[in-house]
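Visitor: I would like to go through this model and ask what justifies each term you use.
Guide: Then have the picture in view, and we will take the terms one by one.

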Amino acid sequence: MQEAQELYDYDVETKIVDMGITLAKPSAPAGNYVNAVRTGNLVFMAGKGPNLPEGGYVTGKVGENLTVEEGYEAAKLVAYAQLAALKAEIGDLNKVVRIVKVLGMVNCTPDFGNQPEVINGFSDTMVEVFGDRAKHARAAVGMASLPRNIAVEIEMIVEVED
């Protein structure tokens, strides 16, 4: 934990608990891939969807049967899923140096244009957890569909301590 003290003036894992977030066991990949790939001090996280605590996913199209606010909340659920998968990969979230890049995909109607507001649910959560280290480069794009009709899918690249 000594190295982590150099990165943060607080314990990230305690902060997550204080925020009321319970990190579930990461879901297994649905195909022939892994949740994370580490190369050097970068971790490339596979896309995750909005897992509901009671099971299943938030599904539907934003702009049709989901509001921007509901999409925002779905993106927060993806943040929790990504935190769980990242913790499983690196062991201690205090090792996070920086959230580098985020790609947020929103299942939405063709005329929907508020994808950034939806993906803010993910970005806001990461900044709340990691502070300024979580301010990342980002794309927020609309998709005609996503796997299993999930509302959002988000992937990220994270820099971690060696």
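Visitor: Where is the place of T109?
Guide: This is a predicted model. In it, T109 sits in the loop between β3 and α4 (115-130).

Visitor: What makes T109 count as buried or exposed?
Guide: The cut-off for buried is under 20% relative accessible area. T109 has 10% relative accessibility, so T109 counts as buried.

Visitor: What is T109 in contact with, leaving aside its neighbours within four places in sequence?
Guide: With those neighbours set aside, the contacts of T109 are K61, V62, G63 and E64.

Visitor: Why is the link between the side chains of T109 and D111 called a polar contact?
Guide: A polar contact needs a pair of N or O atoms within 3.5 Å, one able to donate a hydrogen and the other to accept it. The side chains of T109 and D111 make such a contact at 2.8 Å, so the term applies.

Visitor: How many salt bridges does a search of the whole structure find?
Guide: The search finds 3 salt bridges.

Visitor: Why is the pair K87 and E13 called a salt bridge?
Guide: The limit is 4 Å between a side-chain nitrogen of Lys or Arg and a carboxyl oxygen of Asp or Glu. The closest N and O atoms of K87 and E13 are 2.8 Å apart, so the pair qualifies. K87 belongs to helix α3 (residues 68-90) and E13 to helix α2 (residues 12-18), so this salt bridge ties together parts that are 74 residues apart in sequence. K87 has 28% relative accessibility and counts as partly exposed.

Visitor: What makes E73 and K76 a salt bridge?
Guide: Their closest N and O atoms are 3.7 Å apart, and the limit is 4 Å, so this pair passes as well. E73 and K76 both lie in helix α3, 3 residues apart, which is about one turn of the helix. E73 is partly exposed at 42% relative accessible area, and K76 is partly exposed at 23%.

Visitor: How do you know that D132 is exposed and K135 partly exposed?
Guide: Exposed means over 50% relative accessible area, and partly exposed lies between that and the buried limit of 20%. D132 has 55%, so D132 counts as exposed. K135 has 46%, so K135 is partly exposed. The side chains of D132 and K135 meet in a salt bridge at 3.4 Å, N to O.

Visitor: How do you know that α3 has a span close to the one expected?
Guide: Helix α3 has 23 residues and reaches 32 Å from its first C-alpha to its last, against the 33 Å expected at 1.5 Å a residue. Just after α3, G91 takes a positive phi of about 90°.

Visitor: Why are β2 and β5 called paired strands?
Guide: Pairing requires at least two bridges. Strand β2 (residues 42-48) is joined to strand β5 (residues 152-160) by 5 bridges, so they pair, and they run antiparallel. Strand β3 (residues 96-107) also pairs with β5 in the antiparallel sense, over 9 bridges. In β5, I157 is the bridge partner of F44 and of K101.

Visitor: Which residues have the most contacts inside the largest nonpolar core?
Guide: They are L86, L93, V96, F122, F130 and M156, in a core of 40 residues. At least two residues of this core come from each of α2, β2, α3, β3, α4 and β5. Helix α3 gives the most, with 9 residues.

Terms used: Residues numbered from 1 in each chain as written. Predicted model: local features only at pLDDT ≥ 70, side-chain atom pairs only at ≥ 80, totals over all residues. Heavy atoms only, no water. Helix = DSSP H or I, 4+ residues; strand = E, 2+ residues; numbered from the N terminus. Buried < 20%, exposed > 50% of the residue type's maximum accessible area, 1.4 Å probe, protein only. Contact = heavy atoms within 4.5 Å. Expected span 1.5 Å × (residues − 1). Core = buried A, V, L, I, M, F, W, Y, C linked by side-chain atoms within 4.5 Å.
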